[in-house]
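Reader: I'm new to this one. Could you take me through a close look at a single part, the charged side chains and how they pair up?

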Amino acid sequence: MTFDVSDRVDAVPPSGIRRFFELAEEQDDIISLGVGEPDFSAPWAARDAAIASLEQGKTSYTANRGRRELREQIADHVDRRYDLQYDPDEEILVTAGASEGIDLAYRALVDPGDTVAVQQPCYVSYVPGVIFAGGDVLPVRTHVEDEFKLTYEGLQESGAADAEVLVLCYPNNPTGATMTGDELEEVAEFAREHDLVVFSDEIYADLTYEHDHTSIATLPGMRERTVVFNGFSKAYAMTGLRLGYVLAPPEATTAMNRIHQYTMLSAPTTAQYAAIEALESCDDAVAEMKTQYDRRRQFVLSRFSEMGIDCFPAGGAFYAFPECPWDDADAFAEQLIEEQSVAVVPGSAFGEGGEGHLRVSYATGLDELKEAMARIEQFVK
Amino acid sequence: MSSRDDVLELLRENARYTVEDIARQIDADANEVEGIIADLEAEGVVKGYRAVVDWDETEEERVRAAVELNVTLDRETSYNDVAERIAKFPKVESLHLVSGDYDFMMEVEGDSMREVSHFISEKVAPVPEITQTVTHYMMDSYKESGIFFGDGDDDDRLSVSP
């Protein structure tokens, strides 16, 4: 017999990033600026707490929503940092990475036939997640002229007024774009006017370099219609520990928890102990990593400007999103791997509006970054 | 943070960064960075630059010792006087006045254990103010000036990821 793969899965093409991964793996002396995760390890105190929890035999499930101590700390943290107030018992759900949270939100809050407006270019999982949940995707393009920010007009023109849900991510992967509170207010206004639910992926919230992060949920009338996703992967360099969290009003987290309790039961226990310690004692480590990212960011932007490559001043995450010197960014990225052994990801892998751009990750040590930029300079000459 | 603090921090991270690379990282002008470094040196904030060497990776034999020194002072002699007298010996790598059970913490480097022992017994111990020396030979080094010795971690991240 053969397996008859479901239509849902058939409808989703494999990730466009895969091809570049395979090309990069073939090269020996590759310097990769194609990595979507920190080059740092999790702060030692967090790793040490994970080890200690294992030594003490803390290897069972936790409460479905996550350990209460962790939820309380998350509540304190997001209040202190982002002025977000959520109840640890009813409005916080600890998930296996922010990715699980996003999937839960789609499945719990999107019905077949619902329209989900997705900001583009964007992280690769947003569109497939909608399809897996049976929703219809409406792309909302952002443009380099607007520094890849969402605008009221952009939402209007894309037809997002008829959507049920709007998905956005700032600071953004792949563009590195950020939005200030004032800029987000336009989006909030649109969401209120057209009664949209907003899914706001804020996984890079701690990594902003030009202004403090504002969560759209803090804007007037937005808390009741917003689901916020965050986690420990980026700021705390804990990607492999798979730990995120969702902040939303009780009816939303309760619905999401209904799926989570059957499918995941609880987020990884060891990671939860690491996260408690991370929130308790790792502010300095996060600040130090942020300083390093910011220096690399300035370095990369300076180098692109010296090479005459246009790049808007991305102010968040750890990505620069320069315009590709060639019309065909896919061909450029392919040849750059083959001739100079430098991997970057073409913007087209991140959906509409990414074409003609390259995602350049600066989550790489300065020495390698220097060498990679020198090779790119050589290549474009 | 001022540009001056940034420059100092970057030099502490890697004193071999070029002026241009420092400027790129802090969005400053190379001439400005050059000027800041010149000021830091002229004002005595930056005393010098050296390589951090793991002697185990060389053919050369190096012996290092941490030495505790106790002193007695009198009205005419201060800690500074004793310190200056000891610090002038080239074998003394570092010298600090410390709190606790002894007065000075001294690091000495030489080509052999005999040479180091000889130096301490012949040059340091006879200094009249020094009443006691306790010598700890260093057996292995794991980290120095913030730099880990050993092989370092491999980057085991996927080469391309979303």
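Author: A:R295 is buried, with just 4% relative accessible area, in what is a predicted model. Its partner is B:D6, and the two side chains meet in a salt bridge, 3.1 Å from N to O. Since B:D6 belongs to helix α1 (residues 3–13) of chain B and A:R295 to helix α11 of chain A, this pair joins two chains. B:D6 has a relative accessible area of 15%; anything under 20% is called buried, so B:D6 is buried too. As for the general idea, side chains of opposite charge can pair when their charged atoms come close.

Helix α11 turns up again in another pair. A:R81 forms a salt bridge with A:D283, and their closest N and O atoms sit 3.4 Å apart. Here the link is between distant parts of the chain: A:R81 is in helix α4 (residues 68–82) of chain A, A:D283 is in helix α11 (residues 283–307) of chain A, and 202 residues separate them. How covered are these two, buried or partly exposed? A:R81 comes out as partly exposed at 30% relative accessibility, and A:D283 is partly exposed with a relative accessible area of 30%.

Now for a pair that sits in loops. A:R223 makes a salt bridge with A:E91, with 2.7 Å between the closest N and O atoms. This one also ties distant parts of the chain together, 132 residues apart: A:R223 is in the loop between β6 (197–201) and β7 (226–231) of chain A, while A:E91 is in the loop between α4 and β2 (92–95) of chain A. A:R223 is partly exposed, at 29%, whereas A:E91 counts as buried at 10% relative accessibility.

Charged residues can also link up in bigger groups. A:R303, A:E306, A:K370, A:E377, B:D21 and B:R24 are joined in a network of salt bridges. Over all chains, the count comes to 36 salt bridges.

And then there are charges that gather on the surface. A patch of negative charge there is made of A:E145, A:D146, A:E153, A:E157, A:E186, A:E189, A:E193, A:D310 and A:E323. In chain A, α7 (152–158) and α8 (181–193) are the elements that give two or more residues to this patch. α8(A) supplies the largest share, three residues. A:D146, one of the patch residues, lies in the loop between β4 (136–141) and α7 of chain A, and is partly exposed with a relative accessible area of 30%.

Terms used:
Residues are numbered from 1 along each chain as its sequence is written. Chains are lettered from A and ligands numbered from 1 in the order in which they are written. This is a predicted model: local features need pLDDT of at least 70, side-chain atom pairs count only at pLDDT 80 or more; totals for chains, interfaces and linings use all residues. Side-chain values use heavy atoms; hydrogens and water are left out. Patches are made of residues with over 30% relative accessible area and no salt bridge: like charges are joined within 9 Å, nonpolar side chains (Val, Leu, Ile, Met, Phe, Trp, Tyr) within 5 Å. Accessible areas come from the Shrake-Rupley method with a 1.4 Å probe; for residues, only the protein chains shown count as cover. A salt bridge is a side-chain nitrogen of Lys or Arg within 4 Å of a carboxyl oxygen of Asp or Glu. Lys and Arg count as positive and Asp and Glu as negative; His and the chain ends are not counted. The place of a charge is taken as NZ of Lys, CZ of Arg, CG of Asp or CD of Glu. Helices (H or I, at least four residues) and strands (E, at least two) are DSSP runs, numbered from the N terminus. Buried means under 20% relative accessible area, exposed over 50%, partly exposed in between (1.4 Å probe, protein chains only).
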